[in-house]
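Here are my notes on the model you sent. Please read them with the coordinates open.

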Amino acid sequence: MNAPSPYALPVQEAKAMRHIISVLLENEAGALSRVAGLFSARGYNIESLTVAPTEDPSLSRMTIVTTGSDDVIEQITKQLNKLIDVVKLVDLSESAHIERELMLIKVRAAGKDREEMKRMADIFRGRIIDVTESTYTVELTGDGSKLDAFIEALDKAAILETVRTGASGIARGERVLRA
């Protein structure tokens, strides 16, 4: 039986890390489809995707949250850069950045539960944006872990509906993504 050499370097498995890729692309029909197609054709998963026009109506900014090893992310960025619609992209995860997500959550709020739901919204700095006799709709913004914590703090039976945007991100400081 051969014992491993004490001088051999340990084999390190590539860790799948969460990445936020911000893409500036031409605001044209089919651009979103081509980006999503690139991911699905190669078996890469998109955890969240947000896209909207920028201050320049001819350009849109797409924020893609995905996971993968450094090699996988490098492959994704190379493939994205080959797409004709892509003007520029940056992996925001490589440096200091700000990310936020929006959640709208409709909860039961009847009788004695109304005050508790209001208190929970206040604790998490949420805003109640719609009120009926038996429900509140709460708007929360923050990073994903804050929104997850709000959901965990609620009784599961109280949650009627949840809608989340996925992450949007921007680099901190002077670093900008422009054409």
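The points below go from the whole chain to a sheet, its helices and a pocket.

1. Status. This is a predicted model. Please keep that in mind throughout.

2. Overall make-up. The protein chain holds four helices and nine strands. Read from the N terminus, its elements follow the order β-α-β-β-α-β-β-α-β-β-α-β-β.

3. Dimensions. The radius of gyration of the protein chain is 21 Å, whereas a compact globule of 179 residues would have one near 16 Å. The C-alpha trace spans about 65 × 60 × 35 Å along its principal axes.

4. Sheet order. Four strands form an open sheet in the order β2-β3-β1-β4, and the pairing is antiparallel. Which strands stand at the edges? They are β2 (48-53) and β4 (86-91). Each has a single partner strand, so one side of each lacks a neighbour in the sheet. From one strand to the next, the twist averages 15 degrees.

5. The β2-β3 pair. Strand β3 covers residues 59-68 and pairs with β2 in the antiparallel sense, over six bridges. Two positions help to set the register. Ser 48 stands opposite Val 65 in β3, and Pro 53 stands opposite Ser 60 in β3. The connection from β2 to β3 is a hairpin of five residues.

6. Helices on the sheet. Helix α1 (residues 31-41) packs on the sheet and touches β1 (17-26), β2 and β3. The direction of α1 makes about 15 degrees with that of β3. Helix α2 (residues 70-82) also packs on the sheet, where α2 touches β1, β3 and β4. For α2, the angle with the direction of β3 is about 155 degrees.

7. Largest pocket. How much space lies in the largest pocket? The value is about 310 Å³. The lining has 16 residues, and the closest to the pocket centre are Glu 55, Arg 61, Val 176, Leu 177 and Arg 178. Three elements, β3, β4 and β9 (168-171), give two or more residues each to this lining.

8. Lining character. What kinds of residue make up the lining of the largest pocket? Nine are nonpolar, six are charged and one is polar.

9. Where to look. Start with the sheet order, β2-β3-β1-β4. Then place α1 and α2 on the sheet. Finish with the pocket lining, to which β3, β4 and β9 contribute.

Technical notes
Residues numbered from 1 in each chain as written. Predicted model: local features only at pLDDT ≥ 70, side-chain atom pairs only at ≥ 80, totals over all residues. Heavy atoms only, no water. Pairing = 2+ DSSP bridges. Axes fitted to C-alpha atoms, helices over the stretch in contact; angles between N-to-C directions. Contact = heavy atoms within 4.5 Å. 1 Å grid on protein atoms, 1.4 Å probe; cavity = no way out; pocket = protein on both sides within 12 Å on 5 of 7 lines; lining within 4 Å. Points joined across faces, edges and corners; volume = space filled by probe spheres on them. Nonpolar A, V, L, I, M, F, W, Y, C, P; charged D, E, K, R; others polar. Rg over C-alpha atoms; globule rule 2.2 N^0.38 Å.
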